[in-house]
Structure formats: structure tokens, C-alpha cells
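This briefing introduces a structure to a reader who has not met it before. It treats the cysteines, the nonpolar cores and a sheet in turn.

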Amino acid sequence: MARQHAKTLWYDRPRYVFLEFCVEDSTDVQVVIEDHRLVFSCKNADGVEFYNEINLYARVNSKDSREKRSDRSITCFMRKWKEKVAWPRITKENIKGILSVHSQPGSPLTLTTGETGKGMRRWRGPWWRSTQSSCRR
């Protein structure tokens, strides 16, 4: 079975960047956080494999970064190397209208562009965990 990309949401905060991979009932979760890159892979309850590899906009502190798994998603907390510097995007590439970040193994990073869909905006403020930005269907 071919690998798919996981729906990915991201949030920028003064000290951290959060990436949320929306995969329900995930198993075999592997997250590798490096200074300039994040690699995510897992399977869902149906046996579908998910894989994302993201070259980050700026450097993060990989030693002070971690991930947390829940029933609906896997959230990565990545500490910024330079705190209080806003990231205009999650990737190095300057592409407008990013909806989600995804790629297939062995291929370059693919960015889905177009209209901003429900829950795929980059939120700023205390409402970032609202129902509009969750991984719920």
C-alpha cells in the first residue's frame, strides 16, 4: 500500500512552533526532529501509512523539542532557536496560499496551494485551539 501525507496544521508562537499531524488511532508513530527538518511517519487503524518530511523555515532546538500523541493527532512542539521571531511560513520555500505541507518518500516537498480551507489558517492569538483548527472531521 502506498504512503500518503497526513493533514498538517501549524501554529507559530513566540518560543515554539507547533505542527499537528491529523491521524486518528495512530500506531507505529515515528517523529524525528532535527535542527532544520522534521520527519513524521505512522499508520492508522486501517493500516494506511502516512509520511511527511518538512524542511523548516528556520532552525529549531531539537534537544528541547518533543511530540505528544493523542487519539486524533500527533502534535510536535519545536522550540525556536531565535525566540520571539515570527515565522511567516513553516517551510523554507516562499509559496503563498499554503493549505498543507506534505510529501511522498523520495520525492521533493509538495505544497498544496489555493484557497484557505476551514481549519488550515495560521492562527495567532489564544483561539488557536478552537474547533475550527482541530483535526476533527
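Cys 42 counts as buried because its relative accessibility is 4%, where buried means under 20% relative accessible area with a 1.4 Å probe and protein chains only. The model is predicted, so local features need pLDDT of at least 70 and side-chain atom pairs pLDDT 80 or more, while totals for chains, interfaces and linings use all residues. Residues are numbered from 1 along each chain as its sequence is written, and side-chain values use heavy atoms, without hydrogens and water.

**Cysteines**
- Cys 76, at 0% relative accessibility, also counts as buried.
- The structure contains 0 disulfides, a disulfide being a pair of cysteine sulfur atoms within 2.5 Å.

**Nonpolar cores**
- The largest nonpolar core (buried Ala, Val, Leu, Ile, Met, Phe, Trp, Tyr and Cys residues joined through side-chain atoms within 4.5 Å) has 21 residues, of which Leu 19, Phe 21, Leu 38, Phe 40 and Met 78 touch the most other members.
- At least two residues of this core come from each of S2 (16-22), S3 (27-33), S4 (37-43), S5 (49-55) and S7 (74-80), strands being DSSP runs (E, at least two residues) numbered from the N terminus.
- Another core, of 6 residues, lies apart from it and includes Tyr 11 and Phe 77.

**Sheet**
- Strands in the order S3-S4-S5 form an open sheet of 3 strands with antiparallel pairing, where pairing requires at least two DSSP bridges between two strands.
- S3 and S5 are the edges, each with a single partner strand, so one side of each has no neighbour in the sheet.
- S4 and S5 pair over 7 bridges, and Phe 40 has Asn 52 in S5 as its bridge partner.

Terms used
Buried < 20%, exposed > 50% of the residue type's maximum accessible area, 1.4 Å probe, protein only. Helix = DSSP H or I, 4+ residues; strand = E, 2+ residues; numbered from the N terminus.
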